[in-house]
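The following paragraphs lead the reader through one molecular structure. Please consult the sequence and the three-dimensional view while reading.

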Amino acid sequence: MSELTFSSTSSGETQALGERLGALLEPGDVLVLTGDLGAGKTQLTKGIARSMGVADEVTSPTFALEAVHEGAEMPLYHFDLYRLQNADELGDAGLWDALGGDGPCVIEWGEQFVDEIGDERLDVYVTRLETQAVAGEEPPREVRLVAHDARGEQILAGLAS
């Protein structure tokens with residue numbers, strides 16, 4: 001299991017990292033995004049979507065649970081599992097239909113369901129570095145990516161180069 005860590009001092013930098021990440025994604029890739037409210041998970045997803053040629057606005061699908069964004073070559077499946085209480089609800093959210101499908105899945109708040117999602121995933125931890133914040137400005141972020149399978153390792157290698 002390897003990992004990479006990046007720093008971001010703005011939402012633009014977080015989106016730019018997402019663009020780099022999105023350019024490496026293939027159908028069936030799974031990213032589980034973990035971080036507090038306002039950490040930057042959706043900003044990262046916006047960058048991923050932009051690199052995939054998604055034209056529509058990307059917001060966190062908190063109430064819909066799933067948003068499907070049509071990209072230039074494949075769809076992006078974007079989930080927000082914040083409101084789910086147990087794994088029995090994953091099917092109703094559409095997750096089983098999207099996993100292993102024709103586009104990558106980006107899953108916000110999926111950390112509580114990693115046993116069900118499985119090891120074929122890349123975990124992305126987005127953390128606000130509050131202690132490094134300058135008064136009146138957004139704090140910087142740390143984005144740590146952890147691979148759990150060979151495909152995740154390939155993605156990390158692509159980001160590292």
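Trp109 counts as buried, because its relative accessibility is 14% and the limit for a buried residue is under 20%. The model in which this value was computed is a predicted one. Trp109 lies in the loop between β5 (105-108) and α4 (114-117). Its backbone also deserves attention: the phi of Trp109 is near 60 degrees, a positive value in a residue other than glycine. Most residues other than glycine have a negative phi.

The next region is the strand β3 (66-70) and its partner. A hairpin of four residues joins β3 to β4. The two strands, β3 and β4 (residues 75-80), pair in the antiparallel sense, and five bridges link them. Within this pairing, Val68 stands opposite Tyr77 of β4.

How are the residues of β3 divided between its covered and uncovered faces? Ala67 and His69 belong to the covered face, whereas Glu66, Val68 and Glu70 belong to the uncovered one. In a regular strand the side chains alternate between the two faces of the sheet.

Glu70, on the uncovered face of β3, leads to a further feature. Together with Asp56, Glu57 and Asp102, Glu70 forms a patch of negative charge on the surface. Asp56, another member of this patch, is found in the loop between α2 (41-51) and β3. With a relative accessible area of 40%, Asp56 is partly exposed, because partly exposed residues fall between the limits of 20% and 50%.

How values were computed:
Residues numbered from 1 in each chain as written. Predicted model: local features only at pLDDT ≥ 70, side-chain atom pairs only at ≥ 80, totals over all residues. Heavy atoms only, no water. Patch = residues over 30% accessible without salt bridge, like charges linked within 9 Å, V, L, I, M, F, W, Y side chains within 5 Å. Areas by Shrake-Rupley, 256 points an atom, 1.4 Å probe, with all protein chains shown as cover. Salt bridge = Lys/Arg side-chain N within 4 Å of Asp/Glu carboxyl O. Lys, Arg positive; Asp, Glu negative; His and termini not counted. Charge placed at Lys NZ, Arg CZ, Asp CG, Glu CD. Buried < 20%, exposed > 50% of the residue type's maximum accessible area, 1.4 Å probe, protein only. Pairing = 2+ DSSP bridges.
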